[in-house]
Amino acid sequence: IMASSAAGRPQRLLVAVNTGSGSAFRHALELTRPHDELHVVSITQDLGVSGDDEEARRVASLFEYLGAHCAAAERRCTFQHLTYTHAHPGGRRAEIAQTLTTVAAATNVDTLVVGSRGLGLFERSTRGSVSDFCVRNAKCTAVAVAKPRLAQQTLPRSQQ
């Protein structure tokens, strides 16, 4: 998948991040060229006044870390932290997925990049999948990036 258009027009990508593996962010960074725009969004639960400080610190730390990667790759990145309230009748995942597709449409991005945890068919159908919803419902191109599998490690016989 190439994020760059044939005419060389700067592309706009929206990538959803959390404190997971970072696969979606790394993939989005690889898709961009220096003059493209990378919009990074994190969506967390609105915990009210009592929990906001800790969550805000975690998101700020994540954005600082990702910002350093943007700078090192000479990419222009913007960051946005959104919250959800469990108000969606479909539950948390449905609310997050709906928010992502809405933000993608509102910001007029060319590509939405989301991570995929690799849920099986049963779990996706019973609990829902943010990446499935985004791929099926986004008005722009949507890419679901699987988190990398851990390489099988063999321990020395003395540690088995």
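1. In this predicted model, the buried residues of helix α3 are Arg93, Glu95, Ile96, Ala97, Leu100, Thr101, Val103 and Ala104. The helix covers residues 92–106, 15 residues in total. From its first C-alpha to its last, α3 reaches 21 Å, close to the 21 Å expected at 1.5 Å a residue. After α3 comes Asn108, with a positive phi near 55°.

2. Strand β2 (residues 37–45) contains Ile43. This residue is buried, at a relative accessible area of 13%. When neighbours within four places in sequence are set aside, Ile43 is in contact with Val17, Leu82, Thr83, Tyr84, Ile96, Thr99 and Leu100. Of these partners, Ile96 and Leu100 are listed among the buried residues of α3. Another buried residue of that helix is Glu95; its C-alpha lies 9.8 Å from that of Ile43, although 52 residues separate the two in sequence.

3. Turning to charged pairs, the structure holds four salt bridges. Side chains of opposite charge can pair when their charged atoms come close.

4. One of the salt bridges joins Asp110 to Arg9, with the closest N and O atoms 2.9 Å apart. Asp110 belongs to the loop between α3 and β4 (111–116), whereas Arg9 belongs to the segment before β1 (12–17), so this pair ties together parts that are 101 residues apart in sequence. The two partners also fall into separate classes of accessibility: Asp110 is buried, with a relative accessible area of 19%, while Arg9 is partly exposed, at 43%. The value for Asp110 falls under the 20% cut-off, and the residue therefore counts as buried.

5. A further salt bridge is formed between the side chains of Arg12 and Glu37, at 3.3 Å from N to O. Arg12 is in strand β1 and Glu37 in strand β2, so the pair ties together parts that are 25 residues apart in sequence. Arg12 counts as partly exposed, its relative accessibility being 25%. Arg12 and Glu37 are also linked with Arg76 in a network of salt bridges. Glu37 begins strand β2 (residues 37–45), which also holds Ile43.

6. Asp36 forms a salt bridge with Arg33, the closest N and O atoms being 3.3 Å apart. Here the acidic partner, Asp36, counts as buried at 1% relative accessibility, whereas Arg33, at 22%, counts as partly exposed.

How values were computed. Residues are numbered from 1 along each chain as its sequence is written. This is a predicted model: local features need pLDDT of at least 70, side-chain atom pairs count only at pLDDT 80 or more; totals for chains, interfaces and linings use all residues. Side-chain values use heavy atoms; hydrogens and water are left out. Helices (H or I, at least four residues) and strands (E, at least two) are DSSP runs, numbered from the N terminus. Buried means under 20% relative accessible area, exposed over 50%, partly exposed in between (1.4 Å probe, protein chains only). Contact means heavy atoms within 4.5 Å. The expected span of a helix is 1.5 Å times one less than its number of residues.
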